[in-house]
Number of protein chains: 2
Amino acid sequence: MARKVAAKKKRAASPPDGDAEQRILDAAHAVFIRRGTAGARMQEIADEAGVNKALLHYYFRDKSRLAAAIFQRVAGSVFARIAEVALSDAALEEKVPHIVGAYLDQLSRAPYAPGYVLGELNHHPERGKQLIDALARRQGGATPRAVLSRLQQQLDQRVANGTIKPISAQQFLTNLISLCIFPFAAKPLLCGVMELDEAGFAAFIEERRRVLPEFFLNALRP
Amino acid sequence: MARKVAAKKKRAASPPDGDAEQRILDAAHAVFIRRGTAGARMQEIADEAGVNKALLHYYFRDKSRLAAAIFQRVAGSVFARIAEVALSDAALEEKVPHIVGAYLDQLSRAPYAPGYVLGELNHHPERGKQLIDALARRQGGATPRAVLSRLQQQLDQRVANGTIKPISAQQFLTNLISLCIFPFAAKPLLCGVMELDEAGFAAFIEERRRVLPEFFLNALRP
DNA sequence: GTCTATACGGCGATAGAC
DNA sequence: GTCTATCGCCGTATAGAC
């Protein structure tokens, strides 16, 4: 058995780590995000994974299944944290900075994921359903409806206190997500308009991390 | 001459209006938004325009030039109004509802434009530059930099008054645009999560038209 | 200007050796 | 499991008649 492990094949110069299936997934992840599903080429994925094109079909049968697998991975990671935090029992003053910080961290590491997900969603309506039950699975069964009603309950209570202005959970969440995700989805545009390079954009996001929670909570103040 | 007008050719059953070039542009507009640039097929555009495939090449040489023309049209229309309003001399309390209202109107009529534009921007970095000088051309030469500095000046003045909290023009505009555009870019997702049909989404946007200006201006209050 | 017909290449997918 | 070789379609682009 030790012999089997030692007998690993030689690999393409670039990515000698992990088994083939994993390397294919990682390569597909990169290429689908770079080119979009329609623009991606099986050959480019194979090259980037350091394997032959035929092997992609061995593991994933055809391009559409591979694309679906990647979409699930990426979309799940982008929208997972929202539900998680929204369901917690922390006060709004804790939740909002927490979500903002977590999102900006995560998206800084994968800045092109939002653009990819939104693009796919537009061209493949069926992915909508696919995404929401991917989310439900991640949360161990918390449906979007449950998340929204839990949040609405918390908001109503604060309204009754007189400590925030009335707002629906739908509008609350939409606003919060918009403010976090859109700047990444529109990153190339913002960089162009504000004349930012890579470092400038990072600085802009850092400023946002400080400014956004205050902006958002302020908007709720009665 | 009257004879020439009367001698119009018979056309495909569906779109008998306008000259061929215009019909091709309109068809391309629809198809590129539906499928994305990479997913769009010249044949589908030709069918939708009621002309032959070869005619597309007669007018636009190749697919990439047609795609560029459409991108410019759509992207320009999505982002044009911002600069226009930001440059005006109205008070913030006028500008914000005005931008929100105008955007929500326009996007309600073309709800898939934002998703298309963001998707293209991600896959074709060169389109970033293309877009910003398309915008400059529309404004008759008002560069993004000019728009931002004009807005910053207005904000600084209000800060000095003590009538709003300090905020940079970049963050101000990013927030405003995010809140207006993102819900459309993510329309399929929001409809899924909130269990909305077409009418439900329209109602959601109508609610937003009322709620958003107040939310935004409230956030600026000192 | 608009059509029909066709050339050409690229890409997804499979067959089959190792 | 992984590779080489190849098939067959589909999509862009062009040639040329009308």
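Me: Hi! For the chain A contacts with a separation of 6 or more, what share comes from residues 24 or more positions apart?

Reply: That share is 65% in chain A, where two residues are in contact if their C-beta atoms, placed from the backbone, lie within 7 Å. This is a predicted model, in which local features need pLDDT of at least 70 and side-chain atom pairs count only at pLDDT 80 or more, while totals for chains, interfaces and linings use all residues. Residues are numbered from 1 along each chain as its sequence is written, and chains are lettered from A and ligands numbered from 1 in the order in which they are written.

Me: Thanks! How many helices and strands does chain A have?

Reply: Chain A has twelve helices and zero strands. Helices here are DSSP runs of H or I with at least four residues, strands are runs of E with at least two, and both are numbered from the N terminus.

Me: And how far does chain A span, and what percentage of it is buried?

Reply: The C-alpha trace of chain A spans about 70 × 45 × 40 Å along its principal axes. Of its 222 residues, 38% count as buried. Buried means that 20 or more other C-beta atoms lie within 10 Å of the residue's own, exposed means 12 or fewer, and partly exposed is in between, with C-beta atoms placed from the backbone.

Me: What domains is chain A divided into?

Reply: Domain 1 covers 17-61 and domain 2 covers 78-220; the bounds come from an automatic or database domain assignment. Taken over C-alpha atoms, the centres of these two domains of chain A are 30 Å apart. Four residues from domain 1 and five residues from domain 2 make up the contact between them.

Me: Switching topic: what rotation puts chain B on chain A?

Reply: A rotation of 180 degrees with 0.0 Å of shift along its axis does it, with an RMSD of 0.0 Å. The two copies are therefore related as by a two-fold rotation axis. In chain B, the C-alpha nearest that axis belongs to B:A219, 1.9 Å away. The fit is by least squares on the C-alpha atoms of residues with pLDDT of at least 70 in both copies.

Me: How many residues of each chain are in contact with the other?

Reply: 45 residues of chain B are in contact with 45 residues of chain A. On the chain B side, helix 10 (169-185) is among the elements giving two or more residues, and its ten residues are the largest share. By class, that side has 26 nonpolar, 14 polar and five charged residues. Ala, Val, Leu, Ile, Met, Phe, Trp, Tyr, Cys and Pro count as nonpolar, Asp, Glu, Lys and Arg as charged, and the others, Gly among them, as polar.

Me: Now the DNA. Which residues come nearest to strand C?

Reply: A:M42, A:D62, B:A20, B:N52 and B:A54 do, out of 14 residues around DNA strand C; a residue is near a strand if its C-beta atom, placed from the backbone, lies within 6 Å of it. Helix 3 (42-49) and helix 4 (53-60) of chain A and helix 4 (53-60) of chain B each supply at least two residues of that surface.

Me: And which are closest to strand D?

Reply: A:A20, A:N52, A:A54, B:M42 and B:D62 are the closest of the 14 residues surrounding DNA strand D. The surface near strand D divides into seven nonpolar, three polar and four charged residues.

Me: Last one: which residues have the most contacts inside the largest nonpolar core?

Reply: Those are A:V74, B:I45 and B:V74, in a core of 121 residues. Such a core is a set of buried Ala, Val, Leu, Ile, Met, Phe, Trp, Tyr and Cys residues joined through C-beta atoms within 7 Å. Leaving aside neighbours within four places in sequence, B:V74 is in contact with B:H29, B:I33, B:A113, B:Y116 and B:V117.
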